[in-house]
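Q: Please take a close look at one part of this structure and describe what is found there. A connected account, suited to a reader who has not met the structure before, would be welcome.

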Amino acid sequence: MSRFVGAGKKLMSFLVPKPNVPQTEIQKKIRDLKISTQKAKAGKAKLDQTIFELKNNKDFTFAKSKKKSESNTEKYKRIQKDNSKVIKSMLDKATEKKADGGRIGRRFGGDTMPKRKTNVQKIKDTFGPKKNLSAKQMKIAKLAGNPNKIDGADFKKLRGRR
């Protein structure tokens with residue numbers, strides 16, 4: 001088993017590219033020559049493709065662009081504009097006091113249940129103006145005591161009926 005491990009490393013050394021960092025002037029020139037050879041091969045392949053398309057009346061794959069190339073300052077301005085939009089949206093989202101995602105803020109199982117009263121609403125209901133009694137409640141209120149509201153005397157009278 002151990003003799004196959006070394007073979008695997010040797011095989012992997014062909015697959016993993018090694019960086020070409022030249023130390024001497026000759027090595028630098030050789031590196032530059034290799035790069036220029038690859039560029040020439042790419043240019044020839046491009047030319048061959050264009051000639052083939054010209055002969056066969058097809059659309060050009062590498063058509064020449066008549067657009068003005070983007071300068072560095074134009075590129076910088078475009079990127080800054082895009083970045084400012086993204087940052088603005090992030091800040092807006094961060095400052096907005098809205099829950100995000102999932103079932104946040106859904107008490108008691110969702111939208112079907114009524115909203116829970118706040119303490120302020122409870123105080124207003126308790127000490128605010130009284131609501132009118134329904135017809136059934138008016139009958140109970142008229143049994144004893146104040147006929148406009150249900151009080152202890154009314155409950156006493158109801159208990160005595162049973």
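A: **Helix α3 and its surroundings**

In this predicted model, the side chains of Thr 73 and Ser 71 are joined by a polar contact of 3.1 Å. Thr 73 belongs to helix α3, which covers residues 72–95. Thr 73 counts as exposed because its relative accessibility is 54%, and exposed residues are those over 50%.

A salt bridge links Glu 70 with Arg 78, with 2.9 Å between the closest N and O atoms. Glu 70 is partly exposed, its relative accessible area being 40%. Arg 78 is likewise partly exposed, with a value of 38%.

Helix α3 also holds both Lys 88 and Asp 92, which are four residues apart, about one turn of the helix. Their side chains meet in a salt bridge at 3.3 Å, N to O. Lys 88 counts as exposed at 54% relative accessibility, whereas Asp 92 counts as partly exposed at 37%.

These two salt bridges are among the seven that the structure holds. Another one of them pairs Asp 125 with Lys 117, where the closest N and O atoms are 2.5 Å apart; Asp 125 is partly exposed, at 42% relative accessibility.

The wider setting is a protein chain with six helices and zero strands. Of its 162 residues, 3% are buried. Among contacts between residues at least 6 apart in sequence, 0% join residues at least 24 apart. The chain exposes about 16200 Å², of which carbon and sulfur atoms supply 59%.

Notes
Residues numbered from 1 in each chain as written. Predicted model: local features only at pLDDT ≥ 70, side-chain atom pairs only at ≥ 80, totals over all residues. Heavy atoms only, no water. Helix = DSSP H or I, 4+ residues; strand = E, 2+ residues; numbered from the N terminus. Buried < 20%, exposed > 50% of the residue type's maximum accessible area, 1.4 Å probe, protein only. Contact = heavy atoms within 4.5 Å. Areas by Shrake-Rupley, 256 points an atom, 1.4 Å probe, with all protein chains shown as cover. Polar contact = N/O pair within 3.5 Å; in protein donor to acceptor, adjacent residues only side chain to side chain. Salt bridge = Lys/Arg side-chain N within 4 Å of Asp/Glu carboxyl O.
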